[in-house]
Amino acid sequence: MSAGVCESKWQCQANGLAGTAMALSVAVLAWVLFEAVEAGVGAAAAAFLGLLYAPTFLSVLYGALRRVGRQPAGWLGFGVAVGGAAWGVVMLNTIGSL
């Protein structure tokens, strides 16, 4: 059990899944940043991308603050992490198909 605070096996599994979703969100944001820099995106397009990926960024920020505070994910943290990762993947697929 690698989480800072685990009261049960299920809570530790939720922490692990939330951590995996957070890692996926970080990978999505890194991919978008790399593609934007490589394409030489202007300020207006960068602001638009920032708005599109704001939920993913906020889920990473929430997960990082939770991890620094050594708090378990809980249902809220799990939902935020998975929601941010899902949003990021959907946006990658949507923008990639345009």
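## Packing around helix α3

Contact here means heavy atoms within 4.5 Å. With that in hand, let's take a walk around helix α3 in this predicted model. The buried residues of α3 pack against two other helices, α1 (9-39) and α4 (74-96).

## The overall picture

The protein has 4 helices and 0 strands, so the order of elements from the N terminus is simply α-α-α-α. Its C-alpha trace spans about 50 × 25 × 20 Å along the principal axes. Of the 98 residues, 27% count as buried.

Contacts that link distant parts of the sequence are well represented here. Taking the contacts with a separation of 6 or more, 79% are between residues 24 or more positions apart.

## Two faces of one helix

Helix α3 has 15 residues, and the distance from its first C-alpha to its last is 21 Å, close to the 21 Å expected at 1.5 Å a residue. Which residues of α3 are buried? They are T56, S59, V60, G63 and R66. These residues sit on the same side of α3, because they cover an arc of only 130 degrees around the axis. A general point about helices helps here: an α-helix has 3.6 residues a turn, so residues three or four places apart point the same way.

Turn the helix around and the picture changes. The face of α3 turned away from its buried side carries the exposed residues L58, L65 and V68.

## R66, a buried arginine

R66 lies in helix α3, which covers residues 54-68. Is R66 buried or exposed? R66 counts as buried because its relative accessibility is 8%, and the cut-off for buried is under 20%. Leaving aside residues up to four places away in sequence, R66 touches N15, A18, Q71, P72 and A73.

## A cavity beside the helix

The structure holds 1 cavity of 30 Å³ or more, and the space in the largest cavity is about 30 Å³. Its lining is made up of A18, M22, Y62, G63, R66, A73, G77 and A81. The elements giving two or more residues to this lining are α1, α3 and α4. Of the elements, α3 gives the most, with 3 residues.

What is the chemical make-up of the lining of the largest cavity? Its residues divide into 5 nonpolar, 2 polar and 1 charged. R66, already met as a buried residue of α3, is among the lining residues.

## The two ends of α3

P55 also lies in helix α3. With a relative accessibility of 33%, P55 counts as partly exposed. Not counting residues up to four places away in sequence, P55 touches G84 and W87. P55 and W87 are 32 residues apart in sequence, yet their C-alpha atoms are 7.0 Å apart in space.

After α3 comes R70, which has a positive phi, near 55 degrees. R70 is found in the loop between α3 and α4, and R70 counts as exposed because its relative accessible area is 56%. Measuring C-alpha to C-alpha, R70 and F57 are 20 Å apart in space and 13 residues apart in sequence.

Note on methods: Residues numbered from 1 in each chain as written. Predicted model: local features only at pLDDT ≥ 70, side-chain atom pairs only at ≥ 80, totals over all residues. Heavy atoms only, no water. Buried < 20%, exposed > 50% of the residue type's maximum accessible area, 1.4 Å probe, protein only. Expected span 1.5 Å × (residues − 1). Arc of directions from axis to C-beta. 1 Å grid on protein atoms, 1.4 Å probe; cavity = no way out; pocket = protein on both sides within 12 Å on 5 of 7 lines; lining within 4 Å. Points joined across faces, edges and corners; volume = space filled by probe spheres on them. Nonpolar A, V, L, I, M, F, W, Y, C, P; charged D, E, K, R; others polar.
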